[in-house]
Amino acid sequence: MRKHLLVIIDDEEDLLDLFEYNFKKQGFEVAIFDRAKPALDFVSKNRPDMILCDWMMPGMTGLELCQSVKNNLQLADVPFVMVTCRNEPGAKQAAISAGATEFIPKPIPIQKLLEKVNRILVR
């Protein structure tokens, strides 16, 4: 059985390392990026099973990345999960309106994130 390809984008290196370690331990194939633009280039060539993305990053934001992914017909159905510290009123609706499948506020225990990702992939 093929491993699920998970693309994770966050500009916090410690968080990227934590996510990469734990998802690989669960049997995922993982590609990590600290910027949205290189991640967009990668997902355009390597269709992932899911994208986990932070909102606030230098250059292209996670929201802009989500919109770009959802506007690409080959990627539009890829689940896009926004994992972010943004928690002001309207943030969740803005992410969902941009095409995010799920909005997850940070911090989130890694086990809970693993469960949510697996649940989304089963849908």
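Buried here means under 20% relative accessible area. By that cut-off, Ala91, Ala95 and Ala98 are the buried residues of helix α4. The model is a predicted one. This briefing covers a central strand, the two helices α4 and α5, the salt bridges and a cis peptide bond. Strand β4 has 5 of its 5 residues buried, so the rest of the structure largely encloses it. Across the whole structure, a search finds 9 salt bridges.

**Strand β4 and its neighbours**

- Both faces of β4 are covered. Phe80, Met82 and Thr84 are buried on one side. Val81 and Val83 are buried on the other.
- Side chains in a regular strand alternate between the two faces of the sheet.
- β3 and β4 run parallel and are joined by 3 bridges. Opposite Met82 of β4 stands Cys53.
- β4 and β5 also run parallel, with 4 bridges between them. Val83 has Ile104 in β5 as its bridge partner.
- Two β-α-β units involve β4. One is made of β3, helix α3 (residues 62-70) and β4, and is right-handed. In the other, β4 is followed by helix α4 (residues 91-98) and β5, and this unit is right-handed too.

**Helix α4**

- Which residues of α4 are buried? They are Ala91, Ala95 and Ala98. Their arc around the axis is only 65 degrees, which puts them on the same side of α4.
- Residues three or four places apart in an α-helix point the same way, because there are 3.6 residues a turn.
- The buried residues of α4 pack against α3, β4 and β5.
- The face turned away from the buried side carries Lys92, Gln93 and Ser97, which are exposed.
- Gly99 comes just after α4. Its phi is positive, at about 120 degrees.

**Helix α5**

- Helix α5 spans residues 110-122, 13 residues in total. From first C-alpha to last, α5 reaches 19 Å. That is close to the 18 Å expected at 1.5 Å a residue.
- Leu113, Leu114, Val117 and Ile120 are buried in α5. These residues cover an arc of only 130 degrees around the axis, so they lie on the same side of α5.
- What covers the buried residues of α5? The cover includes one helix, α1 (13-25). It also includes the strands β3 (50-53), β4 (80-84) and β5 (102-105).
- Arg119 and Val122 are exposed on the face of α5 turned away from its buried side.

**Salt bridges within a helix**

- Lys24 pairs with Glu20 in a salt bridge, and their closest N and O atoms are 3.2 Å apart. Both residues lie in helix α1. They are 4 residues apart, about one turn of the helix.
- Lys24 is partly exposed, with a relative accessible area of 44%.
- Lys37 and Asp41 form another salt bridge through their side chains, at 2.9 Å from N to O. The two residues sit in helix α2 (residues 36-45), 4 residues apart, so about one helical turn separates them.
- Both partners of this α2 pair are partly exposed: Lys37 has 45% relative accessibility, and Asp41 has a relative accessible area of 33%.

**Salt bridges beyond one helix**

- Which residue does Lys116 pair with in a salt bridge? The partner is Glu102, with the closest N and O atoms 3.8 Å apart. This pair links distant parts of the chain. Lys116 is in helix α5 and Glu102 is in strand β5, 14 residues apart.
- Glu102 has 19% relative accessibility, so it counts as buried.
- Asp10, Glu12, Asp54 and Lys106 are joined into one network by salt bridges that share partners.

**Cis peptide bond**

- Where does the cis peptide bond lie? It joins Lys106 and Pro107, with omega about -5 degrees.
- Pro107 is in the loop between β5 and α5.
- Lys106 therefore appears in two of these topics: the network with Asp10, Glu12 and Asp54, and the cis bond to Pro107.

Notes: Residues numbered from 1 in each chain as written. Predicted model: local features only at pLDDT ≥ 70, side-chain atom pairs only at ≥ 80, totals over all residues. Heavy atoms only, no water. Expected span 1.5 Å × (residues − 1). Buried < 20%, exposed > 50% of the residue type's maximum accessible area, 1.4 Å probe, protein only. Arc of directions from axis to C-beta. Contact = heavy atoms within 4.5 Å. Pairing = 2+ DSSP bridges. Right-handed = clockwise from strand over helix to strand, strands pointing away. Salt bridge = Lys/Arg side-chain N within 4 Å of Asp/Glu carboxyl O.
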